Amino acid sequence: MFSFNLQGSISGKLAVAGLMTTTLLLSACGNNNSNAGSNGAATAAPTATVEATMAPAATVAAAVEKTVTDAMGHKVTVPANPQRVIASYLEDYLVALGVTPVAQWSTKNGTQAYLAAELKDVPPISYDLPLEAVTSFTPDFHIVQSEGSVQNGLYDQLNKIAPTYVLGDKVSSDWRAALLKIGELLNKTPEAEKAIADYDQKAASAKAAVSAAIGDDSVAVLWLVSKNFFIVDETRSSGAVLYGDLGVKLPNLVTEIPAESRAPWNPISLEKLSELTAEHIILVNSDKADGAEITDGAVWKGIPAVKAGNVHEFSKDTSWLYSGPIANSKTIDDILSSFVK
């Protein structure tokens with residue numbers, strides 16, 4: 001089993017990315033293997049044309065091609081109005097901005113299921129971005145989440161297919177900053193600002209409701225996958241929503257993890273979980289069948305929140321493992337359904 005000594009097993013953000021890829025290969029649901037799609041839905045920005053009934057001063061500048069510098073120092077020329085965008089694992093942000101990508105991130109067995117309705121007609125592309133597949137979608141702009149995903153010459157190869165912008169780990173670790181940057185690149189800054197304002201208003205309302213419902217109770221968020229448990233950090237993924245935006249009290253085991261060793265999801269042994277004192281547990285269960293021997297065991301059943309019947313379970317297809325304006329909003333809905341009656 002895992003312990004809190006993460007230096008050997010998880011080291012930095014690249015290892016976390018590998019963990020997510022490996023575990024999602026095991027847990028994701030079946031995908032749609034249809035061929036390349038069409039009709040990228042990014043809408044053209046307003047032009048300088050003014051209707052006759054408007055005052056002459058009320059003109060809006062037309063969108064123009066621009067050159068920007070990405071997180072890796074590349075000079076990237078962004079089309080005036082990108083129409084065929086690939087932004088693997090960043091689809092949440094595109095959807096929030098009203099942009100439909102031409103392909104969506106996937107593992108061998110599935111896509112981000114919580115976006116299934118919004119991306120139902122968008123074909124998958126493998127998370128490792130095979131060049132032949134990328135080429136088949138004829139993108140006109142490509143946004144990549146992290147520096148680590150375009151190593152060993154992959155950036156140059158992608159950039160030959162379409163202008164490629166690397167968002168970078170620093171920006172992508174803050175969903176608000178990521179949304180604003182993507183909005184800037186796609187001429188969707190007003191949409192990005194509105195999405196953030198709407199979310200913040202929703203979070204403020206939910207914070208008051210959850211505080212009234214559970215007061216000073218602490219809540220732990222656990223992920224069960226491949227018969228192993230992980231506990232969410234307070235600053236990333238659904239932990240940032242629960243503890244940061246909604247102000248819910250942290251459980252003891254999260255606060256005991258050394259800050260320099262923390263990952264978005266931290267491995268934790270079942271024996272260590274026996275020390276959990278949280279009044280509530282949110283369980284993201286990717287192991288409904290294979291994990292039953294664990295959740296039926298004496299150690300799990302002896303945890304105070306489990307004994308009290310305060311386990312709120314969600315499936316692997318929900319938004320709890322992800323981050324972004326849509327994922328976080330759906331996570332708030334789940335929190336409200338769990339605690340606010």
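Start with the open sheet in this predicted model: five strands, laid out in the order β10-β9-β8-β11-β12, with mixed pairing. At the edges stand β10 (265-268) and β12 (311-315); each has a single partner strand, so one side of each is left without a neighbour in the sheet. Ignoring direction, neighbouring strands here are turned by 30° against each other on average.

Now look at β8, which sits between β9 and β11 in the strand order. Its pairing with β9 is antiparallel and runs over 4 bridges; for instance, L222 has I231 as its bridge partner in β9. The hairpin that joins β8 and β9 has 2 residues between the strands, and S226 takes a positive phi near 50° there. With β11 (residues 280-285), β8 (residues 219-225) pairs in the parallel sense, over 6 bridges. Along that pairing, V219 stands opposite H280, and W223 has V284 as its bridge partner.

How enclosed is β8 by the rest of the structure? Largely, because 7 of the 7 residues of β8 are buried. In a regular strand, side chains alternate between the two faces of the sheet. In β8, V219, V221, W223 and V225 point one way, while A220, L222 and L224 point the other way, and all are buried. For the protein chain as a whole, 48% of the 341 residues count as buried.

Next, bring in two helices that lie across the sheet strands. Helix α8 (residues 237-245) lies across β8, β9 (228-232) and β10, running at about 165° to β8. Helix α14 (residues 325-339) lies across β8, β11 and β12, and its direction is about 145° to that of β12. So which strand turns up in both lists? β8 is under α8 and under α14 alike.The two helices also meet each other. The axes of α8 and α14 come within 10 Å and cross at roughly 55°, which makes α8 oblique to α14. The crossing is right-handed. On the α8 side, the contact is made by S238, V241 and L242, and on the α14 side by N328, T331, I332 and I335. By class, that contact has 4 nonpolar and 3 polar residues, with no charged ones.

Stepping back, the protein chain comes to 14 helices and 12 strands. Among its contacts between residues at least 6 apart in sequence, 68% join residues at least 24 apart.

Methods: Residues numbered from 1 in each chain as written. Predicted model: local features only at pLDDT ≥ 70, side-chain atom pairs only at ≥ 80, totals over all residues. Heavy atoms only, no water. Pairing = 2+ DSSP bridges. Axes fitted to C-alpha atoms, helices over the stretch in contact; angles between N-to-C directions. Contact = heavy atoms within 4.5 Å. Parallel < 35°, antiparallel > 145°, perpendicular 65-115°, else oblique. Left-handed = near helix turned anticlockwise from the far one by under 90°. Nonpolar A, V, L, I, M, F, W, Y, C, P; charged D, E, K, R; others polar. Buried < 20%, exposed > 50% of the residue type's maximum accessible area, 1.4 Å probe, protein only.
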